[in-house]
Amino acid sequence: AKVQVCTGCKCVAYCSRPCQKQDWPTHKNMCKALRAMRKVKTPAAIDDPAARQGAAQCFFLRGALKLRTKNYTKAVQAYERGLTLDPTNVVATMNLGLALRNLGRHADAKPYLQKAHELDRDYGPACHNLAEYYLEIEEDAARARPLYQRATELMPTWEKGWFGLGYALQELKDEDGAVVAYERLLERFPSNTFGRKNICMGYMSLLCRAIDFKEPDDLRRYRASFERHLAEGLRRDPRNADFPKLRIAFDNVLTDVSDAQQLERIRAEARVAEARAAESDSGY
C-alpha cells in the first residue's frame with residue numbers, strides 16, 4: 001500500500017489513512033512544531049539549547065522519512081540542517097553518509113561514515129556501513145574485516161554483516177574463515193542464495209588445497225560440506241544456473257584428482273617393479 005505522509009509537516013508517514021486519523025490527537029502538537037521548524041531558514045541561529053535539540057530532531061525525522069522513501073537529495077538537505085544543530089547524533093551522521101552514497105557522492109559520504117563510527121564504536125550499523133564502504137567502494141578488504149567482525153559481534157542476527165564478513169575474508173584468501181562466516185549466515189538465513197553459492201566456492205577452494213597437500217581426511221570433509229550446500233542450493237533455487245555450473249566445476253576437480261591418483265599409482269607400481277628388478281640383478 002502507498003505510504004500516507006502527513007501533508008502538514010511532511011515528516012511523518014502512515015500505513016493508511018485510518019491509521020493517520022487515529023494518530024492525529026497525538027501527532028497534532030508535534031505537527032505544529034514541525035511546520036514551524038520547516039520555516040526556519042537559518043537553524044544555526046537558534047540560541048535556546050532545548051529549541052536547538054527539538055529543531056534538530058525535526059530535521060532528523062524529516063531526513064529519515066526522505067531516506068526511507070528514497071528521496072536522497074531531500075534527505076541530505078534535512079540531515080545537513082539537523083547536524084548544524086546537533087553534530088553529535090550518530091544515526092543522523094551515518095544516515096547522511098548513506099544518502100550521499102546513494103546519490104553516488106562516495107567521496108562526500110566517507111567522512112560522515114567515519115565520523116559516525118568514531119562517535120560510537122559500539123554502534124553496530126555504523127561499523128557495518130563503514131565496512132561496506134571500504135569493501136565496495138575502496139575495495140579494501142583488510143580495513144573492512146575488523147569492522148565486519150565487530151558488527152557481527154554487536155548484531156549477530158544481521159544478515160548483511162555475516163555475508164560481508166565472509167566476502168571480505170574470501171577477498172583476503174582466508175577461505176577457512178570465510179566458510180565459517182557463511183555457515184553462521186546460512187544457519188540464520190538458509191534462503192540466502194549468494195551466501196550459498198559463495199560457501200560452495202569456499203569449500204571447493206579448501207578441497208583443492210586438501211588435494212595439493214594430500215590431506216585425505218580434509219578432502220572427504222570438504223567434499224561432504226560442498227555437496228550438502230550444493231544440494232540445498234539446488235533444492236531452494238532450482239532455476240539458478242550457477243549451482244549446476246558449480247557442480248560441473250566440482251566434478252572436473254574430482255576427475256583431475258582421480259586421474260592424478262591413478263597416475264600416482266602407476267608411477268608407484270613402476271618404482272616397485274624397478275626396485276625388484278634391481279634386487280634381482282644384484283642377486284646374480
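**A pocket, two cores and a few notable residues**

The second largest pocket is lined by L67, Y72, N95, L98, R101, N102, N129, E132 and E136. A pocket here is found on a 1 Å grid over the protein atoms alone, as an open set of points where a 1.4 Å probe fits, with protein on both sides within 12 Å along at least five of seven lines; lining residues have an atom within 4 Å of a point. The model is a predicted one, in which local features need pLDDT of at least 70 and side-chain atom pairs count only at pLDDT 80 or more, while totals for chains, interfaces and linings use all residues. Residues are numbered from 1 along each chain as its sequence is written, and side-chain values use heavy atoms, with hydrogens and water left out.

The space in this second largest pocket comes to about 220 Å³, the volume being that filled by probe spheres set on grid points that are joined across faces, edges and corners. Helices α4 (90–102) and α6 each supply at least two residues of the lining, and α4 gives the largest share, with four residues. Helices and strands are DSSP runs numbered from the N terminus (helices H or I, at least four residues; strands E, at least two).

One of the lining residues, N129, is a good place to pause. N129 is part of helix α6, which covers residues 124–136. Why does N129 count as buried? The reason is its relative accessibility of 10%, since buried means under 20% relative accessible area, exposed means over 50%, and partly exposed lies in between (1.4 Å probe, protein chains only). The side chain of N129 comes to 2.8 Å from the backbone oxygen of P125. With neighbours within four places in sequence left aside, N129 is in contact (heavy atoms within 4.5 Å) with M94, L98 and L113. Of these partners, L98 also belongs to the pocket lining.

Stepping back to the whole chain, the protein has twelve helices and two strands. Read from the N terminus, the order is β-β-α-α-α-α-α-α-α-α-α-α-α-α. The protein has 284 residues, of which 38% count as buried. Its exposed surface is about 16,500 Å², with 52% supplied by carbon and sulfur atoms; such areas come from the Shrake-Rupley method with a 1.4 Å probe, and for residues only the protein chains shown count as cover. Among contacts between residues at least 6 apart in sequence, 49% join residues at least 24 apart.

The largest nonpolar core holds 41 residues, and Y148, Y203, F226 and L246 touch the most other members. A nonpolar core is a set of buried Ala, Val, Leu, Ile, Met, Phe, Trp, Tyr and Cys residues joined through side-chain atoms within 4.5 Å. Helix α10 (residues 193–212) contributes the most to this core, with seven residues. A second, separate core has 16 residues, among them A55, L83, L85 and A92.

Two residues that touch one another give a closer view of this part of the chain. Not counting residues up to four places away in sequence, F226 touches C200, Y203, M204, L246 and F250. C200 sits in helix α10 and, at 0% relative accessibility, counts as buried. Under the same sequence limit of up to four places, C200 touches F226, H229, L230 and L246. C200 and Y182 are 18 residues apart in sequence, and their C-alpha atoms are 9.7 Å apart in space.

Another buried residue, H27, has a relative accessible area of 4% and lies in helix α1 (residues 17–38). Leaving out residues up to four places away in sequence, H27 touches C6, C9, V12, Y14 and L34.

D108, in helix α5 (residues 106–119), is partly exposed, with a relative accessible area of 36%. A polar contact of 3.0 Å joins the side chains of D108 and R105; the term covers a pair of N or O atoms within 3.5 Å, where within protein one must be able to donate a hydrogen and the other to accept it, and residues adjacent in sequence count only if both atoms are side-chain atoms. The C-alpha atoms of D108 and G97 are separated by 7.5 Å, with the two residues eleven apart along the chain.

Two loop residues complete the survey. Most residues other than glycine have a negative phi. E139, which is not a glycine, has a positive phi of about 55°; E139 lies in the loop between α6 and α7 (141–154) and is exposed, with a relative accessible area of 68%. K173 also has a positive phi, near 65°. The loop between α8 (159–171) and α9 (175–188) holds K173, which is exposed at a relative accessible area of 71%.
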